[in-house]
Amino acid sequence: MKRREFIEKTAASTAFLSLGLSLSSFKPDIKHITILHTNDVHSHIDPFPLDDPRNPNMGGVARRAALIETIRQENPNVLLLDAGDIFQGTPYFNYYGGELEFKLMSMMKYDLSTIGNHDFDNGVDGLTAQMPHATFEFVSANYDFKNTTMDGFVKPFKIFEKNGIKIGVFGLGIELEGLVDKKMYKETVWHNPVETTQDMVRILKKENKCDLVICLSHLGYKYSKDDSNKISDLKLAELTKDIDLIIGGHTHTFLDKPTIVKNLEGKEVLVNQVGCYGINLGRIDFYFDNDKSKSANGKSIIV
Amino acid sequence: MVNLKNYNDVLKLFVIFLTFFLSVSCSKQNYNVTKIEGKQIAITDKEKQSPQFENFIKPYRDHIDQDLSSVLAYSPETLDKSSGKWQTPIGNLLADVTLQRGNTIFMTREKKNIDFCILNHGGIRSILPKGNITSRTAFEIMPFENSLVVIALKGEQVLELVDYFIATKKPHPLSGITFTIGKDNVAKNILVQGKPVEKDAIYYVATNDYLSNGGDNMNFFKKGVQKFDLNYKLRNILIDYFKEVDTITAKNDVRISEE
């Protein structure tokens, strides 16, 4: 008797659940994902002083935290990302080695960060030492930490599921040789970002069917003609496919608005960077629709 | 008690829905991006501060403030980098202290003496004010994380260094080297540790890692024959000097003279 009762109840509730799901799939279903991002914060925890000649009274973690919280209340489907160079720039780093930076980012509920060249400033071991203070994760697809103490702390990519939308995020780092002392990065191996990206988009887009692919990059926005061989975010966007958004860092580039680049297939890629020192928070809102007629019309990008 | 008929109805309904549900789920929901909005939000005092974060940061800030504010030395006068054409007391002080403290390490490690030191005028970011001197003063003068390196330069490159000095028309801090700028704007009587420069001799030059890599167009450093990394931040050199002395004394001897 008990068993039958159980079956009945389960059957009824499953049916009801199916009904709800089935009906919702008839009408167009709009999903909203908000990507928030920072880069090159460089240990700037306090706002700049009022008499600072360049950025008076700008930035500050306590303000950024409040702003992020307000946005989360508007739309809970937020991904909060950082594009590296969390470390170095104020005495907070000299005194605490990045502990406070990681703790505050954890409190703000950062989801993911990539690794910048300055994150090696206390050596790769100095970075490893701060890992217990980070509840967020690190991605880098082209740094191989296998033979360093960072082994196991960094994934090539991470897939998030927010509001039914699958978001794949992979990380890219800048070439360390010539930029960071070898005694700092030790046996960290750097791989070509373009080739790495080809692998990443295959895994994220083709194999895992992500609805959105984001590259979290510390390669730099663009370089002058003298450095024309150097890979940048703008170049990466042109030379690859299946990336929707590149969030960059390293060059401390202040943009009036995100840049739109045509990729290898002629599709639009958004490239963004928000300067440095936590002066700005980047915000990219993606709206998804499962109505085929609407999707066929392409997307509108408002920047 | 469960009515069997009722149960069957429910089961039928269940099967129908399950079939329907599965058929819907099997054709994967395809979500496509229809709209993207991108913007940048400036973090200003218009944002309220999160008290939770402010309270969390405070003990860290207080500790640093207290440490940076503790008095290490006293300066009887204000030293300003804009107070001379070819040399300044603050530049002399920085180059002298870097040479002296660097030499102690270099001697221990390499059994050699540093011959002279050159830094860049642009790297002095603040005055050394009259009165109490703290670690904060050192952070203000040298906010960068540059560390001390010694480059082995041939005499020929020492001459290039002097040409560079005259061409840039700036009082780059120098210690251990003296010369006279002739009326024709060419250097003469170039002495390192009081001895004339020989083109093929090797000179050990203390500078920072940024300049040693050609920073500030100091390209002569790229022709160095050997590089020694002393792993000593320039700011820490200054802090250690402040800790060592009671009163700061900047020398004002003539290092560069004009004809």
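Which residue just after α7(A) takes a positive phi of about 50 degrees? Select A:Lys209 and you've found the answer. Let's start the tour right there.

Before clicking on, know what you have open: this is a predicted model, where local features need pLDDT of at least 70, side-chain atom pairs count only at pLDDT 80 or more, and totals for chains, interfaces and linings use all residues. Residues are numbered from 1 along each chain as its sequence is written, while chains are lettered from A and ligands numbered from 1 in the order in which they are written.

**Stop 1: helix α7 of chain A**

Select residues 193-207 of chain A, which make up helix α7. Helices here are DSSP runs of H or I with at least four residues, strands are runs of E with at least two, and both are numbered from the N terminus. This helix has 15 residues and reaches 20 Å from its first C-alpha to its last, close to the 21 Å expected at 1.5 Å a residue. (The expected span is 1.5 Å times one less than the number of residues.)

Now show A:Pro193, A:Thr196, A:Thr197, A:Met200, A:Val201 and A:Leu204: these residues of α7(A) are buried. A residue is buried if 20 or more other C-beta atoms lie within 10 Å of its own, exposed if 12 or fewer, and partly exposed in between, with C-beta atoms placed from the backbone. What do the buried residues of α7(A) pack against? Add β7, β8, β10 (212-217) and α8 (233-239) of chain A to your selection, and there they are.

**Stop 2: the sheet of chain A**

Next, look at the open sheet of 6 strands in chain A, in the order β7-β8-β10-β11-β13-β12, with mixed pairing. Two strands pair if DSSP finds at least two bridges between them. At the edges stand β7 and β12 (259-262) of chain A, each with a single partner strand, so one side of each has no neighbour in the sheet. On average, and ignoring direction, neighbouring strands of this sheet are turned by 25 degrees against each other. Helix α7(A) packs on the sheet, touching β7, β8 and β10 of chain A, and its direction makes about 165 degrees with that of β8(A). For such angles, axes are lines fitted to C-alpha atoms, for helices over the stretch in contact, and angles run from 0 to 180 degrees between N-to-C directions.

Zoom in on one edge: β7 (residues 157-162) and β8 (residues 165-172) of chain A run antiparallel and are joined by 6 bridges. Which residue of β8(A) is the bridge partner of A:Phe160? It's A:Ile167. The hairpin of these strands has 2 residues between them, and here A:Asn163 takes a positive phi near 55 degrees.

Over at the other edge, 4 bridges join β12(A) to β13 (residues 268-272) of chain A, again antiparallel. Pick A:Val261 and its bridge partner in β13(A), A:Val269.

**Stop 3: A:Leu100**

Select A:Leu100, in helix α4 (residues 99-107) of chain A. Why does A:Leu100 count as buried? Because A:Leu100 has 24 C-beta neighbours inside 10 Å. Leaving aside neighbours within four places in sequence, A:Leu100 is in contact with A:Ile45, A:Tyr92 and B:Tyr60. (Contact means that the C-beta atoms, placed from the backbone, lie within 7 Å.)

**Stop 4: over to chain B**

The secondary structure of chain B comes to 7 helices and 12 strands, and 36% of its 259 residues count as buried.

Find helix α3 (residues 89-110) of chain B: its 22 residues reach 30 Å from first C-alpha to last, close to the 32 Å expected. Where is α3(B) kinked? Centre on B:Asn103, where the kink is about 25 degrees. (The bend at a residue is the angle between axes fitted to the seven residues ending there and the seven starting there.) Just after α3(B), B:Lys111 takes a positive phi of about 55 degrees.

Finish at the open sheet of 4 strands in chain B, β9-β8-β7-β12, whose pairing is mixed. Its edge strands are β9 (195-196) and β12 (256-258) of chain B, each pairing on one side only. Strands β8 (residues 187-192) and β9 of chain B run antiparallel, joined by 2 bridges, and B:Val192 stands opposite B:Lys195 in β9(B). Last click: helix α5 (residues 155-168) of chain B lies across β7 (177-181) and β8 of chain B, running at about 125 degrees to β8(B).

Definitions and conventions:
Contact = placed C-beta atoms within 7 Å.
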